[in-house]
Amino acid sequence: MEHTWQPLLDEAATNHGGRHHVKFSDENANSGSHPHLNRSESTEVEERGILQRRQEQPGWTVDRGTGFYASERARHKRAFLVETGRHAGRSRVKLAGVGWQKIIQHIVKRDFFNAAVNAKLYTILAAMFLAYFFALVLWGLMYYFTWRIFPKCFIGFHGLSSAILFSIETQQTIGYGTRCPGDCWISALLVGVHSVVSVIIDSVIIGIVFARISHPKYRGRTILMSDCATIARRDGVLKFMLRVADIKSSHIVGPTLKAVLYTWGPGRVTQEGEILPVRRQNVKFEPWDTTLLLPVIVQHIIDERSPLYGLDAKSLETLNAEIVVQLEGCTELGDMFMVRRSYLPQEIYWGHNFTTILRPPMEGETEYSVDIARFHDVEPQAGLHMDMMPVHKLSSKVVANAYKILPPENLTESSLVITDDLVVGPRDGKLYLMIRLGDRRPGQVLDIHVRAFLYRWTPVVTQEGETLPYSVDELSITPSHPILRYPLTIKHEIKSTSPIANWSKVEGKRMDADAEIVVVVKGMVYATNEPTVSTRAFPVLTSVKWGHVFAPVVFCEGPGGGKHVVDWRAFHATIPFTPAPQGGPVPTLKRAQSKQTLTRPEAVQSNRGSSSAGRQDGMPLAPGGGHGGGHGHKGDRHSTSGSKGQLLHSPSIGAGGSTRNNEQSIGMPSLGTGGSAADACAPSISMGEISPQPTLKHGDSWKNTRSLFTALEEMHSLLQQEEDEGQERDRSEIGE
């Protein structure tokens, strides 16, 4: 996918005495002064040259650029509802079935004033000239013929020119003293009617011209809306995004943003046989900064409630989709205006972000800067390996990359987060199916209700002989109404009455390999008082980790049980669980030293492989739940990386019969699952030697199941290896 440059504005005045100090400029600040601007000088100069050449192209305008996407639509002959580029916002709907003469006649007759105001400026000027010309000539001829028949009705007339001049003097209230009406009722009537008609003509023409000049739609030309849109992930959440800005210092009153997705394709046939050729669905945006003091990226979350859910670039093109976005607002004088823009599938960039254009003030400056020249620019996200990748494959990759989702801690958004996988492991001598929930902003989501359902895709025959393609069983959840002050593990006990009681046997687990578990979490967002629903489907074969527990994420930041912190980067991480054998050494608790620190071991084994932590034992945990240094960790979908340091992993307790060092001291609960903050603040646990052949008693059905764990772990490793080989083949094919 090519990097697109769409410059919009090269410079604008600085609001020295305005109400907000934002400088719109196409001159970048010194990139070396800010750590997030690591652009080389040569690259900066090259990009500036490209932007300058774009601005010098004929037809370039401040708000709509060169109309790149409009020319692309015309070149490829694409159908669309709303224009972009120079005539952005104009409807392209063609009215058929009635002659255009009839339509124009109806518009002029029923909506003359609005039709005249919205006409082109040269049309208004030409109509004004013709109206005055014909009025003056018509009344001049009437005065001339009246003078020829009744010479006493007008004084100072010598011919047609005298009559025309008298018409001008009367209509414009000019009196030169040489021509005047005589003592005649006919002249009095004509002059009176002419005066009234001239007032009406002046009122209409002046009103149209003034309304045209002061039309609030021109305020919309100072509202910038990006020429392209993006679909990418933010904090793991798939979103449709576009950028909006206001380059004037005056405020917009009550701006609202609406969007509609139009899809065509083969259409839809209702149950009654009615054919609906187009489908319209509203696209709702998240709450956004309506002050527009700074450019804002407006976001729409693509989840089960979104009309874009389940669609990629190929499906959007197949459906001839078009997203029409409309911004409405009022000027400070109370006049309504509207800005409209549409996006075709070819104008939506998958896996891209808008280029950062905000610049904080440098030392000695007092104004924030906005680089409007890069307003439309997008750049690819890191880690997608999208070089020369077809857009259809890229969009599918962006949609499928739903791992390690951590919603932002925004006040008006749902902050619920669900782990990527389920785990099956023991707790307190019982076998459980577990999932972890969390609230990134504790107390933001209230009245939480959790339900889980097991879908078995095996035909079932009822007593009446009816064949059902699948069966659904609800799994009892504990607790079903949790309070998410801290991340909490939700459990379902696998016992004799459980729908998955057969999972305690090898044969039962294999029979449910094609089943899936659907978890539904409902709640109420406190800030908006709106319900929120999060639904996740977990295929048993790939998303249920046998013999695992969740890595601890809640820790104490200081000695003596001080402040509790949550390391959200480890929220999705799981660790294999290996119990100690019967009669073997039992873990013992050691008192924490004078100052308790949180440490981690050298290596952590994730779900699909082991990865080196890259840090020495004994490294303290920095405030806020992260380490003070280190590099990002790249690995599988559960080895989360952070921009400021390594992921704090929990200890990896031998899964393959390996022997750990005796008396290895760690500063977190070795068998914790992140469900209790009090356990995380317990003294360090010293683990003894672990047997290479561990077993766990949980009834007869839980004996000797270690071979199944090993087989499933090997299966996950093979799946990951096949996925890596497939990606390598794709890259080699693209290179060829």
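Which residue in β13 is the bridge partner of Gly329? In this predicted model, the partner of Gly329 is Phe337. This report begins with the sheet that contains that pair, then turns to a second sheet, to strand β21 and a cavity beside it, and finally to the cysteines.

## The sheet with β12 and β13

A sheet is held together in a way that can be stated in general terms. Strands of a sheet pair through backbone hydrogen bonds, and the pairing is either parallel or antiparallel. Here, β10, β7, β12 and β13 form an open sheet of four strands in the order β10-β7-β12-β13, and the pairing is antiparallel. Strands β10 (279–282) and β13 (336–343) stand at the edges with a single partner strand each, so one side of each has no neighbour in the sheet. On average, neighbouring strands of this sheet are turned by 20° against each other when direction is ignored.

The contact between β12 and β13 can be described in further detail. Strand β12 covers residues 322–330 and is joined to β13 by eight bridges, the two strands running antiparallel. The pair of Gly329 and Phe337 belongs to this contact between strands.

## The sheet with β22 and β25

Another open sheet of four strands has the order β25-β22-β27-β28, with antiparallel pairing. Its edge strands are β25 (471–475) and β28 (530–539), each of which pairs on one side only. From one strand to the next, the twist averages 25°.

Within this sheet, strand β22 (residues 445–456) runs antiparallel to β25, and five bridges join the two. Arg456 stands opposite Ser471 in β25.

## Strand β21 and its partners

Is strand β21 mostly covered or mostly uncovered? Strand β21 spans residues 430–439 and is mostly covered, with nine of its ten residues buried. Its pairings with β19, β20 and β26 are set out below.

| Partner of β21 | Residues of partner | Bridges and sense | Citation |
|---|---|---|---|
| β19 | 416–418 | three, antiparallel | |
| β20 | 422–427 | five, antiparallel | |
| β26 | 488–493 | six, antiparallel | |

Individual residues show how these strands face one another. Val417 stands opposite Gly438 in β21, and Val424 stands opposite Leu433 in β21. In the pairing with β26, Met434 stands opposite Lys491.

Strands β20 and β21 also form a hairpin, with two residues between them. Asp428 lies in the turn of this hairpin and has a positive phi of about 55°.

## The second largest cavity

Empty space inside a structure can be found with a simple idea. Rolling a probe the size of a water molecule over the atoms shows where empty space is left. The structure holds five cavities of 30 Å³ or more. The second largest cavity has a volume of about 60 Å³.

Which element gives the largest share of the lining of this cavity? The largest share, three residues, comes from β21. The elements that give two or more residues to the lining are β21, β26 and β27 (516–525). Among the lining residues are Leu433, Met434 and Ile435, together with Ile490, His492, Ile517 and Val519. Leu433 and Met434 have already appeared in the pairings of β21, opposite Val424 and Lys491 respectively. By residue type, the lining divides into ten nonpolar, one polar and no charged.

## The cysteines

A disulfide is a covalent bond between the sulfur atoms of two cysteines. A search of the whole structure finds one disulfide. This disulfide is formed by Cys153 and Cys184, whose sulfur atoms are 2.1 Å apart. The link of Cys153 and Cys184 is right-handed, with 40° about the S-S bond. The pair links distant parts of the chain, 31 residues apart. Cys153 lies in the loop between α5 (121–149) and β2 (154–155), whereas Cys184 lies in the loop between β3 (180–181) and α7 (185–213).

Are these two cysteines, Cys153 and Cys184, buried or exposed? A residue counts as buried under 20% relative accessible area. Cys153 has a relative accessible area of 2% and is therefore buried, and Cys184 is likewise buried, with 18%. Two further cysteines may be described in the same terms. Cys330 has a relative accessible area of 17%, so Cys330 is buried. Cys180, at 30% relative accessibility, counts as partly exposed.

Notes
Residues are numbered from 1 along each chain as its sequence is written. This is a predicted model: local features need pLDDT of at least 70, side-chain atom pairs count only at pLDDT 80 or more; totals for chains, interfaces and linings use all residues. Side-chain values use heavy atoms; hydrogens and water are left out. Two strands pair if DSSP finds at least two bridges between them. Axes are lines fitted to C-alpha atoms, for helices over the stretch in contact, and angles run from 0 to 180 degrees between N-to-C directions. Buried means under 20% relative accessible area, exposed over 50%, partly exposed in between (1.4 Å probe, protein chains only). On a 1 Å grid over the protein atoms alone, a cavity is a set of points where a 1.4 Å probe fits but cannot get out, and a pocket is an open set with protein on both sides within 12 Å along at least five of seven lines; lining residues have an atom within 4 Å of a point. Grid points are joined across faces, edges and corners, and a volume is the space filled by probe spheres set on the points. Ala, Val, Leu, Ile, Met, Phe, Trp, Tyr, Cys and Pro count as nonpolar, Asp, Glu, Lys and Arg as charged, and the others, Gly among them, as polar. A disulfide is a pair of cysteine sulfur atoms within 2.5 Å.
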